[in-house]
Amino acid sequence: PKEYGRNGLNVRRDWYEKYPNASLALVAASLEGQNAIWTNTDKAIDVFMNWAQISDRAQAEKAVRDFMKYGRRDMRWNRDGWDLTKQVLASQNPAIESVDVTKAYTLGPLDKLRDMGFYQSLGIPIGR
C-alpha cells in the first residue's frame, strides 16, 4: 500500500539548471508519452510488447494494465515514495542512506506545466 517511485524522469541538477527550457520540453514529452498508456491503451500495449520483446500479447496487456493501477499519470510521487525508494537503493549502496530526498528532486517543471494548462490539455488528473 506504500507509494514507491515507479515512474518519472531523472536528469542531473546542473543540466536542469543550465537548460530549463529543454528540461520543460523533456518533461512535457514524457508526460504526453506516458499518458498515452491511459488514452491509447491498445497502442501502448503494442509498443510495450516491442520494447520489452514480449511475444504474448496477453502477458504484455497484463503488465500495462497492472501499471495503470499504480502508475502516476501526473508523474508525481509523495515524500514517502522517495524515502521508500531511497531505502531500497541503500540496501545495495549504503552511501545513499544519507541522501536528503528533499534535495534530490524538484517538481518545478511539473508545477509549471500544470500551471500552464498542459495537464488539462492532456486530460491528466491532478493528484490521484
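Trainee: What is the N to O distance in the salt bridge where the side chains of R12 and D14 meet?

Mentor: This is a predicted model, in which local features need pLDDT of at least 70 and side-chain atom pairs count only at pLDDT 80 or more, while totals for chains, interfaces and linings use all residues. Residues are numbered from 1 along each chain as its sequence is written, and side-chain values use heavy atoms, with hydrogens and water left out. A salt bridge requires a side-chain nitrogen of Lys or Arg within 4 Å of a carboxyl oxygen of Asp or Glu. The R12 and D14 side chains satisfy this, with an N to O distance of 3.0 Å.

Trainee: Is R12 buried or exposed?

Mentor: The classes rest on relative accessible area, taken with a 1.4 Å probe and protein chains only: buried is under 20%, exposed over 50%, and partly exposed in between. Its partner D14, at 45%, is partly exposed, whereas R12 has a relative accessible area of 61% and is therefore exposed.

Trainee: How many helical turns separate E61 and R65?

Mentor: E61 and R65 form a salt bridge whose closest N and O atoms are 2.8 Å apart, and E61 is partly exposed at 27%, as is R65 at 36%. Helices are DSSP runs of H or I with at least four residues, numbered from the N terminus. Because E61 and R65 are four residues apart in helix 4 (residues 57–70), their separation is about one helical turn.

Trainee: Which residue forms a salt bridge with K62?

Mentor: K62 counts as exposed at 53% relative accessibility, and its salt-bridge partner is partly exposed at 25%. The two are four residues apart in helix 4, so about one helical turn lies between them. With closest N and O atoms 2.7 Å apart, the partner of K62 is D66.

Trainee: Which residues do salt bridges with shared partners join into one network?

Mentor: A search of the whole structure finds eleven salt bridges, the pair of E61 and R65 being one of the contributions from helix 4. Through shared partners, one network is made up of D46, R57, E61 and R65.

Trainee: Which residues does N35 touch, leaving aside those up to four places away in sequence?

Mentor: N35 is located in helix 2 (residues 20–39), and it is buried because its relative accessibility is 2%. Contact here means heavy atoms within 4.5 Å. With residues up to four places away in sequence not counted, N35 touches R73 and I124.

Trainee: Where is Y19 found?

Mentor: Y19 has a relative accessible area of 37%, so it is partly exposed. Y19 lies between helix 1 (13–18) and helix 2, in the connecting loop.
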